[in-house]
Each structure stands twice: as structure tokens, then as C-alpha cells.
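This report describes how a protein chain is packed, beginning with its interior and ending with its aromatic rings. The sequence and the structure are shown first.

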Amino acid sequence: MSSLVNQISGSLLTVWLAGIGAGVLAALVVRFADRAVKRRLGQGGKAGTAVGALLAGVLESTSWLAAGAAALFVFGEIAPLPARLERIVEALVTITLWLQVAVWANRGISEWLRHQVRAKRSDDAASVATMAVLGFVGRLGAWSLVGLLILSNLGFDITALVASLGIGGIAVALAVQNVLGDVFASLSIVLDKPFVVGDFIIVDQVLGTVEYIGLKTTRLRSLSGEQIILANSDLLNSRIRNYKRMAERRVVFSFGIVYQTAPAKLQRIPQIARQCIEELDGTRFDRAHFQSFGDSALVFEVVYFVLNADYNAYMDIQQAVNLGIVRAFATEGIVFAYPTRTLYMQPAPDAS
């Protein structure tokens, strides 16, 4: 009897050793196959194949999880195991395999985002912020899905889990609704793009250049140099003026002439203003009119367009227009008005 037990034990040990050896061999095959495929795809990526470069980057994240899953699977198929131990091996294979899938998905999202940012950085400044937010959402979704799939394959009832998570999610959402409001506002900003990184915007009384669009806040660099941090939800609830997207600038200005100016010279003033504007490059004249009778001046209004959104260019042109009008008025003998008051004195009535 003892010899029979020894014989069974010896044969069982032999099968186990064979299973272990086969598992190690399967792990080595997976590792060598992974390296061969990465080498081949890497060569294709260097040759200009974007998909090959992407797949090579994904396979770079292949870890011992894939080899461990293969080894455990082969060992479980060859070696006879007790029912409880067999279930443990199956669970380990499931967990390691799905974790490796999650790692691949995470690396794939990172590689795709890197490629998109590199391709769009020069002509789309918002791509960096957009890709960062979408990458975070994609990674969160991938890991959540893999976690649920692992639990489902292990025999858990994920329907009840999802329902409980939904109830818990509502409670958490109520507790952190301000934070979630900023997060969803950031998604609205990067998808709808009311402004992008590099734009000069004015929000109520705050103005500056957009430096960074994050999940909760957006950071501006003001003209005086300090950094201004605004909550994304506050930005969406405010009136935003985006000067970066202004194709041209409409300029309206006025000046006053003294009441003693002759009518013939008053008729000449709109033509003088038009000449001073049209002789400058990058402008488009609109109108010039004798607008109104002021308290101490005859008021003229002039409107023109600067065909450049740059503020410095606008100020240079406005300065040239002002100097041209001053020189022309000096030549014509037209006098600018300034606040004056005329006092009329009447003699007192004769008391006699």
C-alpha cells in the first residue's frame, strides 16, 4: 500500500514539475515574442508608420503580468490541482491578464496623446490642455472598466456593485459639487474652446493672457506680471472677451473745435481726418462727421478700422493719426477747443 502511495506521489510530483517547466517555458516564449514584435514595430515606426510606432509604444509597457498569466494558465492546464487551488490559479490568471490589458490601455492613451500634442502644438495651442483632460478621463474610464471586468470574471455580481456605486456617487457628488462643477466646466472649456492657451481675455474686471487650463482652475498672466487664478465654473458664468480672435479693431475718437471757426473750415475737417487715416498702411476709413454742439466746442467724431488685432500696432496708428490732424489743423488755422466760459457783464441800471 505504501509503495502504491509513493508511486502516486512520485507521478504527481513529476506532473507538477512538468507543469512548472511548461509554465516557465510559456513565460519565456511570451517575453521573446514580445521583444520580437516590439523590434519589428519599432523599425516600422522609425520608417514613418504612426500606427507601428503607437503599437511599439504600447508593447513597451508589457510587464511580467503577461508572462505570469501565460505561465499560470499553462501550469493549470497540465498539472492536476485540487478544486480550490484550481479556482485560485484561474483567478490569478484573470487578474494578471486584465491588469496587463489595463496597462496596455493606459500606455496606448499616453502614446496617442503624445502624438496628438506633437502634431497640433504649433497650430492649436489648446491641444495641450484638451489632450490632458481627455487623457485623464480616458485613463479613469479604462481602469474603472478593467476593475469591473475583473470582478465580473471572479464571479461577483457587479450589477449590485454598480448600483451601490451609483448611490455612493450621488452622495459624493453632493459633497463635492463645487469641485465637480469646476471639472465639468474645464471639459466644456477644452471642448467648446471659448479661449485657448495664449489668448488674451478679459473676464469682468480681470484681464490677462491664458497660461494654463486645468481641471479646476485656469491661470492668467496679467499685464502687470502677477498670476491670476480663476475657477473654471466662474469663467463659464462670466462674460469673456477674447481679444486674440479679433481680426481687426474698430476705433472711435472725437475732438472739439472752437465755436469761432468759419463754416468753410468746418466743412474741410472731415476730409482732413480722412486723408490723415487713408495715408497710413493697415487702416480702413469708415466715416467722419460734425457730430454735435458741445458746451464749449463743436464736436467731430471719426471712425476707422485698424486691420491688425495687435494693441501696439493700434496705438502706433492712432498716434500717427493724431499727429497728422494736429499738423493739418495748424496749417489750416483750425483751433482745438478746450473748456471755456464766457461771462457777459451788464452795467447796473441808473438809480436816478
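The largest nonpolar core of this predicted model has 24 residues. Those with the most contacts inside the core are Phe253, Phe255, Ile257, Ile269, Val302, Tyr304 and Phe329. At least two residues of the core come from each of strand E6 (249-257), helix H9 (263-278), strand E7 (283-293), strand E8 (298-306) and helix H10 (311-332). A second core, separate from this one, has 11 residues, among them Ile189, Ile213, Leu220 and Ile228.

Tyr304 shows what surrounds one residue of the largest core. Leaving aside residues up to four places away in sequence, Tyr304 touches Arg249, Arg250, Val251, Phe253, Ile277, Thr283, Arg284, Phe285, Asp286, Ile317, Gln318 and Val321.

**Helix H10**

The 22 residues of H10 should span 32 Å at 1.5 Å a residue, and the C-alpha atoms at the two ends are 31 Å apart, which agrees. Which residues of H10 are buried? They are Ala313, Tyr314, Ile317, Gln318, Val321, Gly324, Ile325, Ala328 and Phe329. Viewed down the axis of H10, these buried residues fall within an arc of 130°, so they line one face of the helix. An α-helix has 3.6 residues a turn, so residues three or four places apart point the same way.

The cover over the buried residues of H10 includes E6, H9, E7 and E8. On the face turned away from the buried side, H10 carries the exposed residues Asn312, Arg327 and Ala330.

Both ends of H10 can also be described. At the start of H10, a side-chain oxygen of Asp310 comes to within 3.2 Å of the backbone nitrogen of Asn312. After H10 comes Gly333, which has a positive phi, near 75°.

**Ser222**

Ser222 is found in the loop between strand E3 (217-221) and strand E4 (227-231). Is this residue, Ser222, buried or exposed? Its relative accessible area is 9%, and the cut-off for buried is under 20%, so Ser222 is buried. The side chain of Ser222 makes a polar contact of 3.2 Å with the side chain of Ser224, and another polar contact, of 2.9 Å, with the side chain of Glu226. Not counting residues up to four places away in sequence, Ser222 touches Leu207, Gly208 and Ile228. Of these, Ile228 is also included in the second core.

**Aromatic rings**

The whole structure holds 11 aromatic pairs. A pair of aromatic rings is described by the distance of the centres and the angle of the planes. Two pairs that involve Phe255 are set out here.

| Pair | Distance of centres | Angle of planes | Arrangement |
|---|---|---|---|
| Phe253 and Phe255 | 6.3 Å | 35° | tilted |
| Phe255 and Phe336 | 6.1 Å | 80° | edge-to-face |

The pair of Phe255 and Phe336 links distant parts of the chain: Phe255 is in strand E6, Phe336 is in the segment after H10, and the two are 81 residues apart. Phe253 is buried, with a relative accessible area of 14%, and Phe255 counts as buried at 11%. Phe336 counts as partly exposed, at 31% relative accessibility.

These three residues belong to one aromatic cluster, formed by Phe253, Phe255, Tyr259, Phe290, Phe293, Phe300, Tyr304, Phe329 and Phe336. Among the members of this cluster, Phe253, Phe255, Tyr304 and Phe329 are also listed with the most contacts inside the largest nonpolar core.

Note on methods. Residues numbered from 1 in each chain as written. Predicted model: local features only at pLDDT ≥ 70, side-chain atom pairs only at ≥ 80, totals over all residues. Heavy atoms only, no water. Core = buried A, V, L, I, M, F, W, Y, C linked by side-chain atoms within 4.5 Å. Buried < 20%, exposed > 50% of the residue type's maximum accessible area, 1.4 Å probe, protein only. Helix = DSSP H or I, 4+ residues; strand = E, 2+ residues; numbered from the N terminus. Contact = heavy atoms within 4.5 Å. Expected span 1.5 Å × (residues − 1). Arc of directions from axis to C-beta. Polar contact = N/O pair within 3.5 Å; in protein donor to acceptor, adjacent residues only side chain to side chain. Phe/Tyr/Trp six-rings, centres within 6.5 Å; stacked < 30°, edge-to-face > 60°.
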